[in-house]
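This report describes a single protein model, with attention to its helices, its loops and its aromatic contacts. Please consult the sequence and the coordinates alongside the text.

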Amino acid sequence: MRKDDYDEYNEAYSSGEQETPNPNNYEPRQSNLAKRDQQAKLHSEPHRLTRKRQPKNKYLHIAFQIIKWGLASGVLLVFIGIGLLAYYASKAPNISQSQLQNAGSSTLYTNDGKLLFSLGDDKRTYVKSKDIPQQLKDALISIEDRRFYQEKFGVDPIRTFGALVNNVRGGNMAGGSSLTQQLVKLSVFSTNEKDRTFKRKIQEAWLSAKISQQYSREQILEFYVNKVYMNYNQYGLQTASEFYYGKSLQDLDLAQTALMAGMPNAPTIYNPYIYPKFAKQRRDLVLKAMLSNDKINQQQYEQATKESITKGLKTKHPTNSKQRRIDDPYIKEVISEVKADGFDPYRDNLKITINIDQKVQNKLYELANDGEVPFTNDKMQIASTVVDPSNGHIIAILGGRKLPNVQLGYDRAVQTGRSTGSSIKPVLDYAPAIEYKNWSTAQVVQDTPYTYKGTNVQLYDWDNRYQGAMTMRYALEQSRNVPAVRTLEEIGLGRGAKFAKKMGVNVDLKQGLSVAIGANASTVQMAGAFGAFATEGIYHKPRFVHKVEAPDGLTRNYDDSGTRVMKDSTAYMITDMLKGVITQGSGKYAKISDVYQAGKTGTVKYSDQELAKYPSYRNTPKDSWFVGYTKQYSIGVWTGYDKISEGTIDKTGERSAQLFYKEMMSYLMENKTSSDWTKPDDVIAQKVRIGRAITTELYIKGHAPSFDNIDTDKVKKSKTKDKDSDDKDNDDQDKKDDDNNNNNSQSDSSTQNNDDNSSQNQNVVTNNDSDNGNSNNSDNNNSDNSNNSDGNDSSDSDSGTTTDGNVTYDYDTSN
C-alpha cells in the first residue's frame, strides 16, 4: 500500500469516521479512467449473481434437450419400425388354400425338368376336421399352442416376445411360434435355422393374421394335422397312424394319440422304432401338458404313462417298387445334401433339381444284380459312383447289391471307412511329386528294402519282392508299394495330405507314411479326385443336387466353375502314366478298345490280427478297387465284404471291380466320341534309352536333361537285379536282368500286356507325336532297329506304334 493512502486511512480513523483500517482490506482509490473501465466491464459482463446461477440452468437446459431429442428419436424409430414392418409384410409370399392343404413334401426333378420323385404326398390320407378325434385336438393344443383358440390374429404375443428377446441377445427366432405360424412356416417358408430371422418372424405373423381372418380355428387345425411330416416318407397324422399302428386316428388309445401329437416337433428323434426312449419321453411330456391343461385327469395320466411305447406298433410295412429300390441310395444322398445346407426336405415344400441320369442309374443296378459282372458270391458287395468331371455332377450311384427292400438303406458308395489301397497313389504320392518337385515320368525311384522310421515294421510289395531302381512310370503302372512310400516321404506327408484335401480326399496323418498305399475314402471322393486329372487339373466337388427352390422364392444353385488344384502339366503326366496301368499294368481287365482312358487299381490286404483269426484268408485280398476316367466320365468302384466273417475274394472276385468299370464305361462311351488329352505346352516328350530299350518319357519344360546325361543303363541294372547279388560286368548283369524280367512277368502286377512269357529281352521303342504329345508306337519287325543302342533316333520313326499312345514291349528273338 502506498504511504499517502495509509495516512489518509489513519486520519479518518482519528476523526471517528471509520474503524481502524486494515491494510489487507483496503482498496486504493481509483482514477477516473479506472472507474470508467470498471463500469464498462460491468455493463459488458453478466452480473456476479447471474454467473453463479448459470451452471444450474445449463444442466436443466441439457436435460431438456435430451428429453426433446429422445422423444423425437422415439417417434422417428416408431415410424421407421412401422415402415420396416410394412415393408417386410409387403414382401411376404402369397399363401393359398392349396398350399395350406398340401403336404410339406418336396419334389425331386431331373436336370431336364422331369418329375422323378415326391417325398410322401402321393401316400397321404387326408382327414377332415370332423373326423379328427377331440382327444388328438386336445393333445396338439396342449403341447403346441395352449392359447390357440384365443389368438384372433394367429399369434401368441407372449411367446413371440420371448423369441424376440432371444433374437436381440444374439440367438435366432426359434420358438415362439403359434400353431398357426407353424402351419404358415410349413406351407411357404424354409425350416433352415439360418432363415429364422426377425424379418421371417414378421412375415410369419403377417400371414398368420391373414389366414386367421380367412379360415376358422378348426380349419387351421385341420390343415396342420394333414401337413406335418412323420418319418418314413409319411405326411399327416392319419397317414402316420395307419403306418405306425395300422389303424385310424379314432382307434388310437390315449398314449398312442399323445405320441402322434408329440412326434411332429422332431420326428426323427421321437421315432419309436429307432429311439423308443426319446419317444416315450416326448409322449409323457404331451400327457403332462394335457393334464396341466385339464384335458385328462390324474388317473388317465398315470395309466397312459405306464403303457409300453411299443404297444400296437406294426413290425412290417409295404415294400418299395423296383424303381424306388434302384434310386434309393441316390435319394438318400440328396436328402442328406439338402439337410446339410440347412433345409428340411420333409417340411419345406422344396423343388429340388438333382443331377441323376436315370438310364445310367438303372445300368449300375443292373450290372451289380443281374449277373453281367461275376462276383465271388451273393454276399460280396460293391459300391460305385459315376461323376461328370466337367461339373462334378454325380449322375449315378450304387450303394450295394442283393440288398433288402428298405428305404434309405445303407449306402456303401459314400462310406469312408474303407482303405483305397493303391488307388490313392496318383492323388497322394505321385501328383504332388510332379507338382512340387517337377519330377518327370522317368524319375528314378527305389523299390528296395524299407522299414518305417521309428519302427521295426518292414514294408513289402504284394509279391514280397523288391525290384530295385525303376522309373516312376513303371512303379505306378505295376503298383509297387515301396517307391510310393519313399515318394511321399520325400515330398512330405503334410504336403501330400494338403494336396489330396484340395481334391476332396481327407488323409489321416495319424496313419503315418503307410497312408501312401491306402487312405480311407469313398467311391464318391475317389471319382471326384480322379475327375480333376480328367479335366486337366480343375476340381469340381461331386454333388447330387443341382438346385433348390423354396416356396418363398429363395433359390440356391450348387454348380460352380471349379477350382484349379494342380497344374495342367501335372494332370497330363499322371494321366499319361495311368493309361499304362490299363494297357500294360495292373488294370488290364479294364481295357476298352478305341477308348482313351486312364485308371488305377487298388488292393487291400488283411491285417496280421485278421489273419490270425482267419488264417485261410492269407494271399487273398480284403478289398479291391478300380478308379478310372475318360474326358467325359470318372468312375470309382469298390468291392469287398461288409463283415470279414462273410468270406474272402477269390480269383473271380479280384477282377470284379475292373470288369464292372469296363462294362459301365463301355455303356457310357457307346455313343460318345472318345478323344485323347492334349499335351500342355510346358510338357516335353523326350526319348530315353533304358538298356537297349527306347521309350518316350514326359518332362516339365526347363527340367528335361539332355539324352546323353541320363544314366539309364544303371536304372536297368538296378531295376532287375536280385537284391542279394553284387554288381558284375555289363554282359553278365544284362543276362541276369533278362532272367529277372522273365520271372517278374509271370505275376499279374508285372504283366506287360503280352501273353508270351518266354525268357526273351524286352525292348521298348516309342515315338512322340508333336501335335498332341502322345507316345505312339507300332509293332517293330526289324530287330536291328529295335536293338539300336547308339542313341540315334533316325531308325525310331519306322518303329512300331500304337494309336492309344502307350508303350509297346517287343521281344527280341535273336538271342
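In which loop does Pro542 lie? Pro542 is placed in the loop between strand S10 (538-539) and S11. The model discussed here is predicted. With a relative accessible area of 11%, Pro542 is buried, because buried means under 20%. Leaving aside residues up to four places away in sequence, Pro542 touches Glu337, Val387, Gly392, Ile394, Val524 and Gly528. For one of these, Val524, the C-alpha to C-alpha distance from Pro542 is 7.0 Å, while the two residues are 18 apart in sequence.

**Overall composition**

The protein contains 27 helices and 22 strands. Of its 815 residues, 51% are buried. The exposed area is about 38,800 Å², and carbon and sulfur atoms supply 48% of it. Among contacts between residues at least 6 apart in sequence, 70% join residues at least 24 apart.

**Helix H14**

Glu337, one of the residues that Pro542 touches, is a buried residue of H14. Helix H14 covers residues 322-340. Its 19 residues should span 27 Å at 1.5 Å a residue, and the end C-alpha atoms are 28 Å apart, which agrees. H14 nevertheless bends by about 50° at Asp328, and a proline, Pro329, follows within four residues. Both Asp328 and Pro329 are buried. The buried residues of H14 also include Arg324, Ile326, Asp327, Tyr330, Ile331, Glu333, Val334, Ile335 and Val338.

What do the buried residues of H14 pack against? Their partners are strand S1 (107-109), strand S2 (115-118), strand S3 (351-354), helix H15 (358-369), strand S5 (393-398) and strand S11 (545-549). After H14 comes Gly342, with a positive phi near 95°. Asn349 lies in the loop between H14 and S3. Asn349 has a positive phi of about 55° although it is not a glycine, and at 19% relative accessibility it counts as buried.

A further asparagine can be described in similar terms. Asn233 is located in the loop between helix H9 (217-227) and helix H10 (237-245). Its phi is positive, about 65°, although Asn233 is not a glycine. Asn233 is buried, with a relative accessible area of 4%.

**Helix H20**

How many of the residues of H20 are buried? The helix is mostly covered, with 12 of its 12 residues buried. Among them are Val524 and Gly528, both of which Pro542 touches. Other buried residues of H20 include Met526, Phe530 and Phe533. The 12 residues of H20 should span 16 Å at 1.5 Å a residue, and the end C-alpha atoms are 16 Å apart, which agrees. Just after H20, Glu536 takes a positive phi of about 60°.

**Aromatic pairs and charges over rings**

A pair of aromatic rings is described by the distance of the centres and the angle of the planes. The structure holds 21 aromatic pairs. In one of them, the rings of Phe243 and Tyr244 have centres 5.2 Å apart and planes at 85°, so the pair is edge-to-face. Phe243 counts as buried at 12% relative accessibility, and Tyr244 is buried with a relative accessible area of 0%. Phe243 and Tyr244 belong, with Tyr232 and Tyr273, to one aromatic cluster.

Phe533 and Tyr629 form a tilted aromatic pair. Phe533 lies in helix H20 (residues 523-534) and Tyr629 in strand S15 (residues 623-629), so the pair ties together parts that are 96 residues apart in sequence. Both partners are buried: Phe533 has a relative accessible area of 1%, and Tyr629 has one of 0%.

The two pairs are set out below.

| Pair | Centre to centre | Angle between planes | Arrangement |
|---|---|---|---|
| Phe243 and Tyr244 | 5.2 Å | 85° | edge-to-face |
| Phe533 and Tyr629 | 6.4 Å | 35° | tilted |

Rings also lie beneath arginine side chains at two places described here. The charged end of Arg217 sits over the ring of Phe148, 4.8 Å from its centre. Arg401 lies over the face of Phe375, at 4.0 Å from the ring centre.

Definitions and conventions:
Residues are numbered from 1 along each chain as its sequence is written. This is a predicted model: local features need pLDDT of at least 70, side-chain atom pairs count only at pLDDT 80 or more; totals for chains, interfaces and linings use all residues. Side-chain values use heavy atoms; hydrogens and water are left out. Rings of Phe, Tyr and Trp (its six-membered ring) pair if their centres lie within 6.5 Å; planes under 30 degrees apart count as stacked, over 60 as edge-to-face and the rest as tilted. Buried means under 20% relative accessible area, exposed over 50%, partly exposed in between (1.4 Å probe, protein chains only). Helices (H or I, at least four residues) and strands (E, at least two) are DSSP runs, numbered from the N terminus. A charge sits over a ring if NZ of Lys or CZ of Arg is within 6 Å of the ring centre and within 35 degrees of the ring normal. Contact means heavy atoms within 4.5 Å. Accessible areas come from the Shrake-Rupley method with a 1.4 Å probe; for residues, only the protein chains shown count as cover. The expected span of a helix is 1.5 Å times one less than its number of residues. The bend at a residue is the angle between axes fitted to the seven residues ending there and the seven starting there.
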